[in-house]
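Trainee: Could we go through the aromatic contacts and the labels attached to them, with the reasoning behind each label?

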Amino acid sequence: MTDKKISNQEVKGTKDWLPEEFGIRKYIFDKWRQVCLSYGFLEYLTPLLENADIYRAKSGEDIGGKELMVFVDQGDRELAIRPEMTPSVVRLVSKIYPTASKPLRLFSLANFFRNEKPQRGRNREFWQLNCDIFGDDSIQSDLEILQLSIDLVSSFNPPKDSFILKVSHRQLLDSLFSLLKIEENMKIGLMRLMDKYNKMSQDELISRMKEIGLESDQIDLIFKFLTSENIEMLVDKIPELKDSSGWQSLVNIFEKLNGLGLLGYVKFSPEIIRGFDYYDGLIFEVFDLHPDNNRAMFGGGRYNGLASVFGVKNFPAIGFAPGDETFRLFLSVWDILPKNNLKDDVYLFPILSDNLEKESLLLASKMRKNGIKVEVGFGLNKISRALEYADKSKIDYVIILGEDEFAKGVYKIKNMSSGQEEIKKIN
C-alpha cells in the first residue's frame with residue numbers, strides 16, 4: 001500500500017505569501033494602522049468564528065447565504081468563519097456600549113473567508129481593515145469617516161486624480177421609494193437591482209425591474225434618480241427629493257468637505273447602493289480611476305440599526321472596510337508599490353575560523369542588541385564564498401572577523417555597494 005501524496009498547492013481561493021509578498025502586505029497594513037492611530041482610533045480583534053446567524057440576519061443574501069462557510073461543532077452549534085467584520089464588532093460593542101465612553105473609535109486588521117468564485121482582486125480568503133465609529137449620529141462622524149477614507153488612500157502618495165470617493169445616502173433612496181409607492185417586500189430586491197446599474201445593460205435592467213412588478217412610470221423615475229450627476233441635478237429632475245433628510249445631509253456634507261479642501265476627491269453618485277442590508281444613512285465607495293483597473297476599491301456607510309439583532313437597543317454606527325487585494329491592485333497599476341530590498345540594512349557575519357565561532361556569535365549578539373540586523377553564516381565560510389552569497393542575496397554589508405583582524409582587536413564592515421571597508425574595534 002502506497003502513501004497518498006498530498007498536494008503542496010494552496011487551497012483554492014487562498015494564497016501563500018512568500019517574504020517578498022509578505023513585505024508588500026505589511027507595508028500596506030502598517031500604513032493603514034498608522035493613519036487610523038493618527039485619528040485616535042484604537043485597535044481590537046474578534047474571534048475567527050461566530051454564530052452563523054449573525055451574518056444571516058443582516059449581511060444580505062450572498063454574504064449571509066451562499067458565500068458563508070458554515071460548519072457544526074461538537075456542541076451541535078452552527079458556526080461560520082467570518083466573511084466580514086461589521087456584525088462581529090457590533091456584537092462586541094453591544095456588550096460594552098452602555099458603560100463605554102463614547103464615541104468609540106475602533107479599527108481592526110483581520111482575515112476573512114467567503115465561499116465565492118476567485119477572480120482578479122477577489123480571493124476566498126482576504127484581509128481587511130475595518131474602521132468604525134460608535135455612539136455618534138452627527139454629521140461630524142460622517143465627515144470624519146469620509147476624511148479618514150481619503151487620507152487612507154492619500155497616505156500612499158498616489159497620482160492626482162487616481163481615485164474618487166462616490167457618495168450617496170440610503171435615506172435619499174427611502175424617499176425615492178416613498179414617491180414610487182414601493183411595497184416593503186420589494187425594496188431589498190429593487191435595491192439590489194439598482195446596485196447593478198453599472199454592471200448590466202439598461203434594457204436588461206428595465207426587463208428585470210418589470211419582472212419584479214414595476215410599472216413604466218416607476219422605472220422612468222428610477223432612471224432619473226440613477227442618472228443624476230450631482231445633487232443639484234437630482235432635485236431638478238425630482239424636486240420632491242429636496243425635502244429628503246438624505247438630500248439635506250449630503251448638501252451639508254459637501255459644504256463641509258469643500259471647507260476642508262476635499263471636495264475634489266468626492267462625487268455624488270446615486271447608483272451607489274451598497275449590498276449590505278444594514279445600511280441606513282450615508283453610503284460611499286472609493287473607486288480606482290485607472291483605465292486598467294476601474295473598479296470599487298472599498299466602501300462603507302452608516303448602520304444605526306444592527307445592534308438589535310443581539311437583543312440590545314440600537315446605537316449609532318458608521319464605518320468602512322478596504323481589502324488587501326483591491327488595494328494592492330490600486331498600488332500596482334499606479335506603480336506606487338514599494339521597491340524595497342528584503343535584505344536592506346542586513347549585515348552578513350560569516351564564520352571565517354573555527355577558533356572564532358564564539359567571538360563571532362558574541363559580537364553578532366551585541367550588534368543585534370544595538371538594533372542592527374545580523375545574519376550569521378552557518379558552518380565555516382571562505383570570505384570569497386561569503387561575498388558571493390551577499391552579492392546574490394542583495395545584502396548590504398559583510399562583517400569580516402578573521403584571525404588577522406582578531407589579533408589586532410578589530411573587525412571590518414565591507415559595504416557591498418561601494419566596496420569600501422570600515423575598521424571598528426572589538427569592545
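Mentor: What follows concerns ring pairs, burial and charges over rings in a predicted model, which holds 21 aromatic pairs.

Trainee: What makes tryptophan 17 and phenylalanine 29 a tilted pair?

Mentor: Their centres lie 6.3 Å apart, and the limit for pairing is within 6.5 Å; the angle of 50 degrees between the planes is neither under 30 nor over 60, so the pair counts as tilted. The pair links distant parts of the chain, tryptophan 17 lying in the segment before helix 1 and phenylalanine 29 in helix 1, 12 residues apart.

Trainee: Why is tryptophan 17 called partly exposed?

Mentor: Its relative accessibility is 24%, and because buried requires under 20% and exposed over 50%, tryptophan 17 falls in between. Phenylalanine 29, at 11%, is under the 20% limit and therefore counts as buried.

Trainee: Why is the pair of phenylalanine 156 and phenylalanine 327 tilted?

Mentor: The centres are 4.9 Å apart and the planes stand at 55 degrees, an angle that is not over 60 and not under 30, so tilted is the label that applies. Phenylalanine 156 belongs to the loop between helix 5 and strand 7, and phenylalanine 327 to helix 12, 171 residues apart.

Trainee: How do you know whether these two, phenylalanine 156 and phenylalanine 327, are buried or exposed?

Mentor: Phenylalanine 156 has a relative accessible area of 3% and phenylalanine 327 has 0%; both values are under 20%, so both residues count as buried.

Trainee: Which charged end sits over the ring of phenylalanine 112?

Mentor: That of arginine 82, 5.2 Å from the ring centre, which satisfies the distance limit of within 6 Å.

Terms used:
Residues are numbered from 1 along each chain as its sequence is written. This is a predicted model: local features need pLDDT of at least 70, side-chain atom pairs count only at pLDDT 80 or more; totals for chains, interfaces and linings use all residues. Side-chain values use heavy atoms; hydrogens and water are left out. Rings of Phe, Tyr and Trp (its six-membered ring) pair if their centres lie within 6.5 Å; planes under 30 degrees apart count as stacked, over 60 as edge-to-face and the rest as tilted. Helices (H or I, at least four residues) and strands (E, at least two) are DSSP runs, numbered from the N terminus. Buried means under 20% relative accessible area, exposed over 50%, partly exposed in between (1.4 Å probe, protein chains only). A charge sits over a ring if NZ of Lys or CZ of Arg is within 6 Å of the ring centre and within 35 degrees of the ring normal.
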